Amino acid sequence: MARTLTLRPGFTTLAELESVYRDGIAVTVDRACREHVERAAEQVRRAAIGREAVYGVNTGFGKLASTRIPPTDTAALQRNLIRSHCCGVGDPLPGGVVRLIMALKLISLGRGASGVRFEILELMEACLAHDILPVIPGQGSVGASGDLAPLAHLTAALIGEGEVEYAGERVNAAHALADAGLSPVTLGPKEGLGMINGTQVSTALALAGLFDAWRLAQSALITGALASDALMASTAPFHPAIHALRGHAGQVDAAARLQALLEGSQIRESHLEADTRVQDPYCLRCQPQVMGACLDLMRQVGRTLEIEANAVTDNPLVIDEETGILSGGNFHAEPVAFAADQLALAVCEVGSITERRIATLVDPALNYGLPAFLSPDPGINSGFMIAEVTAAALMAENKQRAMPCSVDSTPTSANQEDHVSMACHGARRLLAMNDNLAHIVAIELLVAAQGIECRRPLATSAPLTAVLENLRSRVAALVEDRVMAGDIAEAAGQLTRGEVLAAAGTQALPPLSPTPGSE
C-alpha cells in the first residue's frame with residue numbers, strides 16, 4: 001500500500017473516492033483540519049460537565065433524550081450506545097465499500113463540527129493503513145437517524161470489540177489492533193454518537209453503485225457499437241447535428257462516442273449504399289437518446305453524492321462558541337435515497353436496451369443475414385439461444401429492483417424517528433443490480449463479437465477490433481455448443497475490471513465529472 005491519499009474535508013472529489021474504492025489505498029485527512037476538530041471536541045467536553053442539557057452529550061438518545069446523564073457516566077453512555085446499536089444482520093459489506101465508509105467518516109469528522117477528538121480520526125487512518133477493516137453487516141439501517149447499526153459495527157472495532165478483516169482472516173478487533181501496534185480508543189463525550197450518527201454507509205454504497213454503473217454504462221456504449229456493426233446498422237442516427245438540436249449533454253456525448261467507436265469500420269462502409277432498410281430498431285437507432293439520458297442521470301447522482309460525501313451528517317452539530325451546539329436532522333439520508341432510486345432507474349435502462357440488442361442479434365428474422373442464434377451450425381447446435389434468455393431474466397430482476405425505496409418510510413424508535421429515508425438498502429441493492437448488468441453487457445459482448453466475426457472478411461473499426469482481440473485472448477469463438485457459463489463470467493470480469501474500456505481507448509469515452517474549468 002505505497003500510495004496515501006490526503007482527503008480534504010469539504011473538497012474531496014468523486015475521482016478521489018473512486019480511487020479509495022477500487023485501489024485499496026491508505027488515506028489521511030488534511031492536517032489543516034486538526035485545529036477545528038480539537039476546538040469542537042473541547043466545546044463538547046465543557047458541555048458534558050455543564051448544567052444545560054445537550055442532546056447526546058449529557059442526555060440519553062432518541063426517545064430517552066429527556067434523561068440526564070451525569071459526567072461520571074459519560075464513557076459508559078457512549079460505550080453502551082455502540083454495544084446496543086450493533087444489531088446489524090446479513091452478509092458483511094465488501095471491503096471496498098468499508099474503505100469508502102471509513103474515508104467518508106474521516107471527511108465528515110474532519111469538518112470540525114462533530115465534537116470528537118482527533119485521535120479518533122488517527123485511529124481510523126491507522127486501521128486503513130494496516131488493512132484492518134471492520135466487519136459491517138449490510139442490513140439494519142433505515143437511513144435515519146443516520147446508518148446507526150452498521151456504523152456501530154465500525155465503531156465497535158475502534159473500541160476493541162466486534163470483528164475485523166485482517167491479514168486475510170476474520171478476527172477479533174482487539175487482536176488485530178494489538179497485532180498492528182494500535183490501541184483501542186475509549187470514547188469521550190458525544191464520540192459514540194458522532195461516529196454512528198451519519199449517512200456514510202448509505203453514501204458509500206451509493207457511490208460504489210455509481211462507480212460500477214458508470215463503468216458498465218461506458219462499456220455498454222462499446223458493446224452497443226459492436227452490436228450495431230454486427231447488425232450492419234446505420235450510423236446516420238449518431239450524426240452530431242441530430243443531437244445538437246436536442247441539446248442534452250449525455251445524448252451528445254453518447255452519439256459522439258458511438259460514432260468514434262465505429263469510425264473506419266469496413267463493415268459500415270460495405271452497406272452505405274444500396275441498403276434496402278430505411279430505419280433500424282430503436283435499440284440501435286436510439287442508443288444516444290437512451291444511453292445519454294442514463295449518463296445525464298448518473299452525472300446528476302454524482303453531483304448529489306459528492307456533496308453528501310463532504311457533508312457533516314451527525315447530530316447535534318458543534319457550530320461555534322457563539323452559536324453553540326445545535327440539534328438538527330442532517331442525518332436524514334433523503335438526498336442519498338433519491339440518488340439511489342435515480343441510479344437504479346439508469347442501471348435498469350442500460351440493461352433493458354442492451355438486452356433488446358442481444359435479442360435482435362440472435363433472431364434470424366432481425367439480424368440481417370446472420371445465422372440463427374449465431375451458431376455456425378444451427379439446429380444440432382443452439383448457439384446463444386439460452387444466453388439471451390439469461391440476459392432477459394437478469395433484465396427482469398433489475399426491473400423489479402428498480403422500484404423506488406425512498407417512498408417506503410416507516411416510523412421507528414417509539415415514533416421519535418417517524419419518517420425515514422430507506423437510503424441504505426436502496427443503495428445496497430445497486431450492488432446486485434450492477435452485477436446483473438455486468439452479465440447482461442457481457443452477453444452482448446459475446447454475441448456481438450460472434451456477429452462481427454460472421455461478417456468476415458470485412459473488419460470492424462480499430463478500437464472495436466482491440467476489444468475483440470482482448471476477448472478472444474481468453475474466450476474462443478463459438479463453433480459448436482459448449483458450457484457457456486464460464487465464457488459469460490470471463491466476459492463480465494473483463495467489463496468490471498475495466499479491460500474493455502482500456503482496449504477501446506479512454507479517449508472515446510465520456511467523463512463522469514467535467515474537467516475542471518470546462519464548464
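**Exercises on a predicted model**

Ala414 sits in the loop between helix 16 and helix 17 (helices, H or I of at least four residues, and strands, E of at least two, are DSSP runs numbered from the N terminus). The model is predicted: local features need pLDDT of at least 70, side-chain atom pairs count only at pLDDT 80 or more, and totals for chains, interfaces and linings use all residues. Residues are numbered from 1 along each chain as its sequence is written, and side-chain values use heavy atoms, with hydrogens and water left out.

**Exercise 1.** State the sign of phi at Ala414 and classify its exposure.

*Solution.*
- Step one: phi of Ala414 is positive, about 55 degrees, although Ala414 is not a glycine.
- Step two: the relative accessible area of Ala414 is 51%.
- Step three: Ala414 therefore counts as exposed (buried is under 20% relative accessible area, exposed over 50%, partly exposed in between, with a 1.4 Å probe and protein chains only).

**Exercise 2.** Do likewise for Tyr368.

*Solution.*
- Step one: locate Tyr368 in the loop between helix 15 (334-362) and helix 16 (385-401).
- Step two: its phi is near 55 degrees, positive in a residue other than glycine.
- Step three: relative accessibility is 32%, so Tyr368 is partly exposed.

**Exercise 3.** Locate the cis peptide bonds that end at Ser145 and Pro457.

*Solution.*
- Step one: Ala144 to Ser145 is cis, with omega near 5 degrees. Ser145 lies in the loop between strand 5 (137-139) and helix 6.
- Step two: Arg456 to Pro457 is cis, with omega near 15 degrees. Pro457 lies in the loop between helix 17 (423-454) and helix 18 (462-472).

**Exercise 4.** Describe the largest pocket by volume and lining.

*Solution.*
- Step one: the volume is about 620 Å³ (the space filled by probe spheres set on grid points, joined across faces, edges and corners). A pocket is an open set of points on a 1 Å grid over the protein atoms alone, where a 1.4 Å probe fits, with protein on both sides within 12 Å along at least five of seven lines; lining residues have an atom within 4 Å of a point.
- Step two: 33 residues line this pocket, and Ser145 is among those nearest its centre.
- Step three: helix 3 gives the most to the lining, five residues.

**Exercise 5.** Give the strand order of the open sheet 4-6-7 and its edges.

*Solution.*
- Step one: the three strands run in the order 4-6-7, with antiparallel pairing (two strands pair if DSSP finds at least two bridges between them).
- Step two: the edges are strand 4 (133-134) and strand 7 (169-172), each pairing on one side only.
- Step three: four bridges join strand 6 (residues 163-166) to strand 7. Glu163 has Asn172 as its bridge partner.
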